[in-house]
Amino acid sequence: MFNHILAQVNEMKIAVASGKGGTGKTTIATNLACAVARTGRKVQYLDCDVEEPNGHIFLKPDIKKTQAVTVDVPEVDLKKCTGCGKCGEICQYSAIVHLKENNVLTLEQLCHSCGGCLRVCPADAIKPKPLNIGDIEIGKAGEINFVHGRLRIGHVRTPSLIKEVKRHIENDYVAILDVPPGISCPVVEAVKGVDYVLLVTEPTPFGLNDLKLAVGLVREMNLPFAVIINRYGIGDDEVEKYCVSENIGIALRLPDNRRIAEAYSSGQIIMDVLSEYSEHFSELYVYIKSVKARIDDKRRL
Amino acid sequence: MKIAVTSTGKTMDSQVDPRFGRAACFIIIETETMDFSVIDNENVAAAGGAGISSAKAVIDAGVQAVLTGNCGPNAERTLSAANIKLYTGLTGTVAEAVELFKSGGLTEAAGPNVQSHFGTGK
């Protein structure tokens, strides 16, 4: 029994998030994935920013498999419909509306696939119909297992697609999740269940404002986290003061450096171009591991 | 003909509410007799789908036409699916809007005239 537990390797699942957009989530996530891979550990990079994934620009994966992702929306057989209107009454999003007699309108984009209308229909007139919301692409970027989702243009079921991306997480891999910006539903879906969250910010009033929102989110979700200050050296020191006053760890300060920006703008991994930064990212992983070990120890006690 | 006018108040002298989905109320008028009744709009503060639910409310009231200020795509689609005529761009009092309609001075809307969530102040 004990041996069985020891044999299980549960590697860390780390989400890279931020309140503010454009702070450097993808830069941190892709470089961290490379740094972990260089230690010889098995690592996955999962781009959960399915509305605008861009990790592939830096990791340049060889895509081996594409899977279409569908969600179920109602399809009404008007010949069977008795016009009772129960489907419209149960729908919380007005995605299905009973108009007159047996005329029922469905608005697929508003449907959340709860299945309520299917269940309450006494005439069995409603069947689930798959709606393609996007694709998941799986491949290899060097030693890194690469997964990302691409939401179809015009579709709004972002959390559903993120959930599918996260199904590819494997226990014995360190997973780095690139999270969409902000603090709304897609972010909640992406960070749900991870072991650790890195909140990337920049030392400006904008960065601080959105960092506070993001801290509110991870605290609400009870997730361990630390802050990464990107473009360190610009702006002011209010982010650092805030972290100190709130007792929030700063896992990394990545200096503002034109050469980093140049590497980024040509789709390169910073560590490949500027070897002096590889230490920053391997230290970052060590930092996360030590914090996580402390948390786990506390939980055990 | 039975018609609905979006209204900020409960009388014929009230101003036309420029929003459809989140109108304060709907005044249902029988144009021949000018008899009217008022439906309070439960969707004023709805989280989403206000336009569709409001369309459903006027459909259930049995109207054949809707007069309002602005109407978004989901509400327009719902009204159109129920073959209800839609007239947008109305201002002034409900009574004035009805007079304009009766005089034949209105042109039916070809589609929605605003985007979703237009009336939420966002």
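## Exercises on a two-chain predicted model

In chain A, 14 bridges tie strand 3 to strand 6 (residues 126-141), and the two run antiparallel. Before we start: this is a predicted model, where local features need pLDDT of at least 70, side-chain atom pairs count only at pLDDT 80 or more, and totals for chains, interfaces and linings use all residues. Residues are numbered from 1 along each chain as its sequence is written, while chains are lettered from A and ligands numbered from 1 in the order in which they are written.

**Exercise 1.** Work out the strand order of the open nine-strand sheet in chain A, and find its edges.

Solution.
- Get the terms straight: strands (E, at least two residues) and helices (H or I, at least four) are DSSP runs numbered from the N terminus, and two strands pair if DSSP finds at least two bridges between them.
- Read off the order: 3-6-7-2-8-1-9-10-11, with mixed pairing.
- Now the edges: strand 3 (62-76) and strand 11 (250-255) of chain A each have a single partner strand, so one side of each has no neighbour in the sheet.
- The twist averages 20° from one strand to the next.
- For a spot check on the strand 3 edge, look at Thr70(A), whose bridge partner in strand 6 of chain A is Asn132(A).

**Exercise 2.** Describe strand 8 (residues 174-178) of chain A: how many of its residues are buried, and which strands pair with it?

Solution.
- A residue is buried if 20 or more other C-beta atoms lie within 10 Å of its own, exposed if 12 or fewer, and partly exposed in between, with C-beta atoms placed from the backbone.
- By that count, five of the five residues in strand 8 of chain A are buried.
- Split them by direction: Val174(A), Ile176(A) and Asp178(A) point one way, Ala175(A) and Leu177(A) the other.
- On to the partners. Strand 1 of chain A runs parallel to strand 8 of chain A over four bridges, with Lys13(A) partnered by Ala175(A).
- Strand 2 of chain A is also parallel to strand 8 of chain A, over five bridges, and there Asp47(A) sits opposite Asp178(A).

**Exercise 3.** Lay out the fold of chain B, from element order to sheet.

Solution.
- Chain B has three helices and five strands, running β-β-β-α-β-α-β-α from the N terminus.
- Its radius of gyration (over C-alpha atoms) is 13 Å, close to the 14 Å that the globule rule (2.2 Å times the number of residues to the power 0.38) gives for 122 residues, so chain B is as compact as a globular protein of that length.
- Buried residues account for 43% of the 122.
- The five strands form an open sheet in the order 3-2-1-4-5, with mixed pairing.
- Strand 3 (35-40) and strand 5 (85-87) of chain B are the edges, each pairing on one side only.
- Inside the sheet, strand 1 (residues 2-7) and strand 4 (residues 65-67) of chain B run parallel over three bridges; one pair is Ile3(B) with Ala65(B).

**Exercise 4.** How many residues does each chain bring to the contact between A and B?

Solution.
- Two residues are in contact if their C-beta atoms, placed from the backbone, lie within 7 Å.
- Chain A gives ten residues and chain B gives ten.
- The chain A side splits into six nonpolar (Ala, Val, Leu, Ile, Met, Phe, Trp, Tyr, Cys, Pro), one charged (Asp, Glu, Lys, Arg) and three polar residues (the others, Gly among them).

Conventions
Axes are lines fitted to C-alpha atoms, for helices over the stretch in contact, and angles run from 0 to 180 degrees between N-to-C directions.
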